[in-house]
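Please look at the sequence and the structure shown here, and follow the chain slowly from its beginning to its end. The paragraphs below take up its parts in turn.

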Amino acid sequence: MTTIRRPFKAPPQKVEGPRANRDIRVPQIQLIDDEGNNRGVLDTEDALRLAEEAGLDLVEVASNAKPPVCKITDLGKMKYQSQKKAAEARKKQKTIEIKEIKMRPNIDTHDYEVKMKAVRRFFEAGDKVKLTLRFRGREMAHMELGMQLLNRVKEEVDPIAKVEAEPKLEGRQMMMVLAPRTT
């Protein structure tokens with residue numbers, strides 16, 4: 001018994017970026033020349049000839065328009081500039097992280113101040129803060145102490161942060177999420 005192998009068929013190539021030159025298959029287009037002047041509605045073949053005479057490419061700028069808007073420009077330069085814009089946008093983008101601060105319901109005043117200093121530092125960096133209160137043993141009988149502590153934190157950071165998730169009890173932990181206020 002012999003196996004029949006089918007010939008390898010590569011998947012179609014995905015073209016990135018706008019359509020250009022012979023890829024533009026509509027009969028008429030709205031043309032903007034290399035100086036930025038609107039030349040009106042032209043046949044695609046005439047526009048291609050004008051682009052070739054200028055030594056540039058015919059690039060589709062707005063494909064959804066009727067007729068599509070095309071511009072005579074250097075395609076390589078256009079792609080390079082769009083890549084630079086995208087890289088610049090990625091550089092300016094900041095990811096918001098959630099930082100966790102763990103406390104106990106009967107925390108000492110100095111320890112509390114140190115934790116609050118860290119919370120303020122996180123808000124200045126633009127991060128969210130998840131406050132976790134862990135109850136051990138008999139502390140579970142005094143949930144009101146944990147609620148009072150979280151309310152105290154909430155009042156202290158009220159000018160610089162807002163409550164994103166109200167305090168809630170999950171097992172032996174009480175959690176609250178705070179986010180920095182945007183001005």
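Before anything else, it should be kept in mind that this is a predicted model. A convenient place to enter it is a pair of helices, α3 and α4, which are oblique to each other. Helix α3 is made of residues 109-124 and helix α4 of residues 143-156, and where they pack, the angle is about 45 degrees and the axes are 12 Å apart. Two packed helices are described by exactly these two quantities, the angle between their axes and the distance between the axes. An angle of 45 degrees counts as oblique because it is neither under 35 degrees, which would be roughly parallel, nor in the range of 65 to 115 degrees, which would be roughly perpendicular. The sense of the crossing of α3 and α4 is right-handed.

Which residues of α3 and α4 meet each other? On the side of α3 they are Y112, E113, M116 and R120, and on the side of α4 they are L149, R152, V153 and E156. Sorted by character, the residues of this contact between α3 and α4 comprise four nonpolar and four charged ones, with no polar residue among them.

The two helices can now be placed against a sheet. This open sheet has four strands in the order β5-β6-β8-β7, and its pairing is mixed. At its edges stand β5 (98-103) and β7 (161-170), each of which pairs on one side only. From one strand to the next, the twist of this sheet averages 20 degrees. Strand β5 runs parallel to strand β6 (residues 128-134), and six bridges join the two; within this pair, K102 is found opposite T132 of β6.

Both helices lie across β5, β6, β7 and β8, the last of these being residues 173-180. Their directions are given against different strands: α3 runs at about 170 degrees to β5, while α4 runs at about 5 degrees to β8. For this part of the chain, an unreviewed UniProt entry gives the annotation "domain: Translation initiation factor 3 C-terminal", covering residues 96-180. Over residues 96-180 the chain is 35% helix and 36% strand, and the C-alpha atoms at the two ends are 10 Å apart.

Let us now turn back to an earlier part of the chain. Here four strands form an open sheet in the order β2-β1-β4-β3, and the pairing is again described as mixed. Strands β2 (38-43) and β3 (57-62) are at the edges and have a single partner strand each, so one side of each is left without a neighbour in the sheet. The twist of this sheet averages 35 degrees from one strand to the next.

How do the strands of this sheet pair? Strand β1, residues 28-32, pairs with β2 in the antiparallel sense over five bridges, and here Q28 stands opposite D43 of β2. Helix α1, residues 44-54, packs on the sheet and touches β1, β2, β3 and β4 (69-73), while its direction makes about 125 degrees with that of β2. Strands β3 and β4 also pair in the antiparallel sense over five bridges, with L58 opposite I72 of β4, and they form a hairpin with six residues between them. The loop between β3 and β4 is where P67 is placed, and the peptide bond that leads from K66 to P67 is cis, with omega near -15 degrees.

Another backbone detail comes in the segment before β1, where N21 is found. The phi angle of N21 is near 50 degrees, a positive value in a residue other than glycine. UniProt, again in an unreviewed entry, places the feature "domain: Translation initiation factor 3 N-terminal" at residues 21-89. That span is 38% helix and 32% strand, and its end C-alpha atoms lie 29 Å apart.

One further annotation remains to be considered. For residues 77-104 the unreviewed UniProt entry lists "coiled-coil region". In the predicted model, this stretch from 77 to 104 is 57% helix and 21% strand, and its end C-alpha atoms are 59 Å apart.

Methods: Residues are numbered from 1 along each chain as its sequence is written. This is a predicted model: local features need pLDDT of at least 70, side-chain atom pairs count only at pLDDT 80 or more; totals for chains, interfaces and linings use all residues. Side-chain values use heavy atoms; hydrogens and water are left out. UniProt positions are given in the numbering used here, feature names are shortened, and annotations may be inferred rather than shown by experiment. Axes are lines fitted to C-alpha atoms, for helices over the stretch in contact, and angles run from 0 to 180 degrees between N-to-C directions. Angles under 35 degrees count as roughly parallel, over 145 as roughly antiparallel, 65 to 115 as roughly perpendicular and the rest as oblique. A crossing is left-handed if the near helix is turned anticlockwise from the far one by less than a right angle, and right-handed if clockwise. Contact means heavy atoms within 4.5 Å. Ala, Val, Leu, Ile, Met, Phe, Trp, Tyr, Cys and Pro count as nonpolar, Asp, Glu, Lys and Arg as charged, and the others, Gly among them, as polar. Two strands pair if DSSP finds at least two bridges between them.
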